[in-house]
Amino acid sequence: MRLPLLALLTRGPAHGYELKQDLEQLLGAAYPQPNVGQVYVTLGRLEKSGLIDGEDVEQSGRPNKRTYRLTDAGREAVRAWFEETTDEPRVRDEFFMKLALAPQSGCADPVALINKQRRQYLNTMRDLSRLAAAEDRDNKISQLLIEGAMLHLQADLDWLERCQEELE
């Protein structure tokens with residue numbers, strides 16, 4: 001949450017609820033929606049760490065709202081984030097750990113685990129297909145997010161098939 005909020009602030013000052021809405025609009029319904037409380041807690045931490053500055057803005061008839069702007073250190077953190085590659089190979093996979101330990105524990109049948117996981121992936125894929133159909137076609141970021149998730153699921157389904165072949 002830290003770095004995406006900083007990246008949004010590169011456009012200029014904003015308040016927490018506005019940043020939450022911007023994330024939701026950008027990413028669409030497929031991405032887990034940020035909790036407004038989480039946004040404000042994160043903004044507070046970013047301010048304490050010197051990556052953003054906050055300023056209270058008076059509003060007539062309403063409580064003041066706090067607007068945040070990026071500091072030079074915050075801008076540098078965003079630049080560094082974009083320069084980093086993301087390496088998240090799924091070597092630590094909870095399902096695979098269950099599959100590996102099932103025969104040793106005697107608590108679960110590996111093929112039954114595979115079949116249950118396959119049903120879960122297929123249900124998730126069906127939900128994503130519905131979401132893609134309902135999502136705004138002009139929101140290319142959201143469509144790409146959904147497509148990427150579906151491609152990962154298809155790879156997971158192919159891998160489950162391979163596991164079943166090896167374990168039967």
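**Figure 1. Salt bridge between Arg 130 and Asp 127 in the predicted model.** The side chains of Arg 130 and Asp 127 form a salt bridge with an N to O distance of 3.1 Å; a salt bridge is a side-chain nitrogen of Lys or Arg within 4 Å of a carboxyl oxygen of Asp or Glu. Both residues belong to helix α6 (residues 110-134) and are three residues apart, about one turn of the helix. An α-helix has 3.6 residues a turn, so residues three or four places apart point the same way. Helices (H or I, at least four residues) and strands (E, at least two) are DSSP runs, numbered from the N terminus. Arg 130 is exposed at 51% relative accessible area, whereas Asp 127 is partly exposed at 44%. Buried means under 20% relative accessible area, exposed over 50%, and partly exposed in between (1.4 Å probe, protein chains only).

Residues are numbered from 1 along each chain as its sequence is written, and side-chain values use heavy atoms, with hydrogens and water left out. Because the model is predicted, local features need pLDDT of at least 70 and side-chain atom pairs count only at pLDDT 80 or more, while totals for chains, interfaces and linings use all residues.

**Figure 2. Salt bridge between Arg 69 and Asp 53.** The closest N and O atoms of Arg 69 and Asp 53 are 3.0 Å apart. Arg 69 lies in strand β3 (residues 62-70) and Asp 53 in strand β2 (residues 52-59), so the salt bridge ties together parts that are 16 residues apart in sequence. Arg 69 is partly exposed, with a relative accessible area of 43%. Asp 53 is also partly exposed, at 34%.

**Figure 3. Salt bridge between Asp 56 and Arg 66, and the network that includes Glu 47.** The side chains of Asp 56 and Arg 66 meet at 3.0 Å, N to O. Asp 56 is in strand β2 and Arg 66 in strand β3, so this pair ties together parts that are 10 residues apart in sequence. Relative accessible area is 49% for Asp 56, which is partly exposed. Arg 66 is partly exposed too, at 27%. A network of salt bridges links Glu 47, Asp 56 and Arg 66. In the whole structure, a search finds nine salt bridges.

**Figure 4. Helix α1 and the elements that cover its buried residues.** Helix α1 (residues 2-9) is mostly covered, with six of its eight residues buried. These buried residues are Leu 3, Leu 5, Leu 6, Ala 7, Leu 8 and Leu 9. Their cover includes β1 (14-15), α2 (16-27), α3 (36-48), β2, β3 and α4 (72-83). Contact here means heavy atoms within 4.5 Å.

**Figure 5. Surroundings of Phe 95 in helix α5.** Phe 95 lies in helix α5 (residues 94-105) and is buried, with a relative accessible area of 7%. Leaving out residues up to four places away in sequence, Phe 95 touches Leu 113, Ile 114, Gln 117, Trp 159 and Leu 160. Phe 95 and Gln 117 are 22 residues apart in sequence, and their C-alpha atoms are 8.0 Å apart in space.

**Figure 6. Contacts of Arg 118 in helix α6.** Arg 118 is found in helix α6 and counts as buried at 16% relative accessibility. Not counting residues up to four places away in sequence, Arg 118 touches Leu 157, Leu 160, Glu 161 and Gln 164.

**Figure 7. Contacts of Ser 142 in helix α7.** Ser 142 is placed in helix α7 (residues 140-167). Ser 142 is buried, with a relative accessible area of 0%. With residues up to four places away in sequence not counted, Ser 142 touches Leu 26, Leu 27, Gly 28, Ala 29 and Glu 135.

**Figure 8. The whole protein, as context for the close-ups.** The protein has seven helices and three strands, in the order α-β-α-α-β-β-α-α-α-α from the N terminus. Of its 168 residues, 32% count as buried. The C-alpha atoms fill a box of roughly 70 × 35 × 30 Å along the principal axes. Residues 24 or more positions apart account for 56% of the contacts with a separation of 6 or more.
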